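Student: Could you take me on a close look at one part of this protein, and then show me what lies around it? I would like to follow it step by step.

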Amino acid sequence: MNHYLHASLHKRMGRRRFLSGVATLAGVLAAACAGGGKNGQKAADYRNATPHNIEGDNPTPERLFWRRWFGPAAAPGKVQWNGKVHTLGACAPDKSTVTLDTGEAYSDASAWASDVQRAYIGCMVTPFRLVRFDPATNTHTHYTAPTGYNKAWGVCITGGKVYVPSSGPNGLGHIYVSVFNTSDETPSLVSVNEYTATTADAMYPSSIATDGSYLYVGLDDEFLLIRISDMALVDRLALTHTGSVHAIGYNAADGYIYCTGNPDVAYKLARSGEDLTEVAHYHHNCGTMTDDLAFSGTHLWLGPEGGNIHGSVLLIPLSTFTSHELVVCGPPDALCNGSFLDWDGLYMWTCWYMGATPSALTRTKLSDMTHERLWLANDDGYPNEVIQYDTNKYLISSWGSPTRVVNLTNPFPDIPIERPSSGSNYSYWVPIRAYVETDPERSISSVTAYTDGANGLGTGWTAIGHRAKEYAQPAGTEEVTGDVLSTTSYPTLQSSPVDMFGWTAANPMTLGGSQATPAAAEDLGLYGTDYCFLVIQLVAAATVADGLSRSEVLTMTYGDGSVTTTSTATIEGQSSA
């Protein structure tokens, strides 16, 4: 029987006799809906959670974090280490970025066609474009609407059909829903259906969702109910308060339709037969909500994209619909572009916009509301839509011209390393680099890392590392071993890796890089010049025993001109029968 080593506090069910190495960072180290707003989400079995505020990642004014780098060397992303369990397993986060064609700009809607394993992306251009993206090959085709059919405001998929609302050639007060077959390799129009708004100057349909039998289309101040079988308009509902419908989601768990109104109202609607009614509405007074919403069992997730709410999302209880709670899970000063639920209902993704690249995504674990942050590269655009298309695989499409699609694998990896019958196997190496998220009040320098000097992990366990000038993509054989860290496999590593337990308070590993005040948020150190990366790797010999190993602590410090701030990472091994 094979034995495995991985880095996680969670048992991997279905496997036997695991060993794991867990790196936990503290302190500064840093359901179901079918068409949630603009994004067609899969149904999910959500595990209930009570929302609560998440404390800031770092109480110090510098807001200094450590970020794990991943992806192509030319444009790496980063995973923020901020107090969670961090995996040192037999895989690494990876990504590729595809730039779509000229005209395929401003991704504002997306949905996944599971029958053909393709993503559909609606582009907010004139005339609108519908992109069909294949994540297996990173290739795409598109449909360009005739002149006059402007801006794809939403996309939803059901029954092998793709539905896209837009304005059209007859101008204000006229709404169009274009229909496509998912089976067409290049999207080809099947039909286009015109509807008239009650308000003659209604500008556009702002969103769409479906329950599989009906389409829900939001307009200025009203809701349309369209029967899918014959595309007939069977009901319309005037909302209580003025302002266009900005996002729509159908919640299969309770059978209600939810939407946001511009600027600060959320609605709960019901369908009985072919009659729509407004069940409740709630004034949250938090400004304009983004055009993607999601459900986490008992709560509606809304993201402020305007106003004075930054770095937070609103959670509204579905049962009462009379209050909200702000949950801090984004970078400070960031606006939210949308919320998207994972297939298994365990995680919620939120997209963040900060006015300049790079921008970030956050994955929140719903059981305890802890979060991990992923920063995209400068050329990845502003993340606006998230589609999960396979286990640990995601497509992130951007708001920008042209649209960029990031194909992301294992963003927060948890894959075991096989324990060898002889010799040693290795984790994929982990390059981390210090980053200052906001302007420091004082200069930052003297970044160090050290241990207590004694390897107490247990028989057969050790950890190695060194400093490097640049990022190098980890590689290896997934679920077996990573490549051995060396100056050959990692060319800018200063020298051969050493036992990390040789780093002590009296003889720490010192990293290059500093930041003077005033300065903008940035990574510390000059890339390619300073030894600003700490690269670490976990090593397991064939003698590693089953059971929980003893813990070891990696201490990381930095000076800010007057005091030294210390944070710790706890490293331990674990086995599971």
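Tutor: Happy to! Let's begin with one residue, Trp 301, which lies in strand E25, residues 299–302. Keep in mind that we are looking at a predicted model. Is Trp 301 buried or exposed? Its relative accessibility is 0%, and the cut-off for buried is under 20%, so Trp 301 counts as buried. Now look along the chain to Leu 318, which is 17 residues away from Trp 301 in sequence. The C-alpha atoms of these two residues are separated by 10.0 Å.

Next, go to the loop between strand E26 (312–317) and strand E27 (325–328), where you will find Phe 321. The ring of Phe 321 pairs with the ring of Tyr 258, a residue of strand E21 (residues 256–261). How should we describe such a pair? In general, two numbers are used for a pair of aromatic rings: the distance of the centres and the angle of the planes. For Tyr 258 and Phe 321, the centres are 5.7 Å apart and the planes meet at 45 degrees, so the pair is tilted. Planes under 30 degrees apart would count as stacked, and those over 60 as edge-to-face. Because one ring sits in strand E21 and the other in that loop, the pair ties together parts that are 63 residues apart in sequence. Both Tyr 258 and Phe 321 are buried.

The protein has 18 aromatic pairs by this rule. Ring pairs also link Trp 69, Tyr 471, Tyr 527 and Phe 533 into a cluster. Rings can have charged company too. The charged end of Lys 268 sits over the ring of Tyr 256, 4.4 Å from the ring centre. In a second example, the charged end of Arg 363 sits over the ring of Tyr 347, at 3.8 Å from its centre.

Tyr 347 brings us to strand E29, residues 347–353. Six of the seven residues of this strand are buried, so strand E29 is largely enclosed by the rest of the structure. What are its partners? As general background, strands of a sheet pair through backbone hydrogen bonds, either parallel or antiparallel. Strand E28 (residues 335–341) pairs with E29 in the antiparallel sense, over six bridges. One of these bridges has Phe 340 facing its partner Trp 349 in E29. Together E28 and E29 form a hairpin, with five residues between the two strands. In the turn, Gly 345 has a positive phi of about 75 degrees. E29 also pairs with strand E30 (residues 360–365), again antiparallel and over six bridges. Here Tyr 347 stands opposite Lys 365 in E30.

Now for sheets elsewhere in the chain. An open sheet of four strands has the order E16-E17-E18-E19, with antiparallel pairing. Strand E16 (207–210) and strand E19 (232–238) each have a single partner strand, so one side of each is left without a neighbour in the sheet. From one strand to the next, the twist averages 20 degrees. Inside this sheet, five bridges join strand E17 (residues 214–218) to strand E18 (residues 222–227), and Tyr 214 stands opposite Arg 227 in E18.

An open sheet of four strands is also found in the order E7-E34-E33-E32, with antiparallel pairing. The edges here are strand E7 (94–99) and strand E32 (382–390); each has a single partner strand, so one side of each lacks a neighbour in the sheet. The twist averages 20 degrees from one strand to the next. Strand E33 (residues 393–399) runs antiparallel to strand E34 (residues 404–409), and five bridges join them. Among the partners are Ser 397 and Val 405 in E34.

Let's finish by stepping back. The protein has zero helices and 47 strands. Buried residues make up 59% of its 577 residues. The largest nonpolar core has 27 residues, and those with the most contacts inside it are Trp 66, Trp 503, Leu 534 and Met 556. Several strands each supply at least two residues of this core, including strand E37 (430–436), strand E39 (461–468) and strand E46 (552–559). Apart from it lies another core, of 25 residues, with Ile 396, Val 406, Trp 429 and Phe 533 among them. As for the outside, the protein exposes about 20,100 Å², and carbon and sulfur atoms supply 49% of that area.

Terms used. Residues numbered from 1 in each chain as written. Predicted model: local features only at pLDDT ≥ 70, side-chain atom pairs only at ≥ 80, totals over all residues. Heavy atoms only, no water. Core = buried A, V, L, I, M, F, W, Y, C linked by side-chain atoms within 4.5 Å. Buried < 20%, exposed > 50% of the residue type's maximum accessible area, 1.4 Å probe, protein only. Areas by Shrake-Rupley, 256 points an atom, 1.4 Å probe, with all protein chains shown as cover. Pairing = 2+ DSSP bridges. Axes fitted to C-alpha atoms, helices over the stretch in contact; angles between N-to-C directions. Phe/Tyr/Trp six-rings, centres within 6.5 Å; stacked < 30°, edge-to-face > 60°. Lys NZ or Arg CZ within 6 Å of the ring centre and 35° of its normal.
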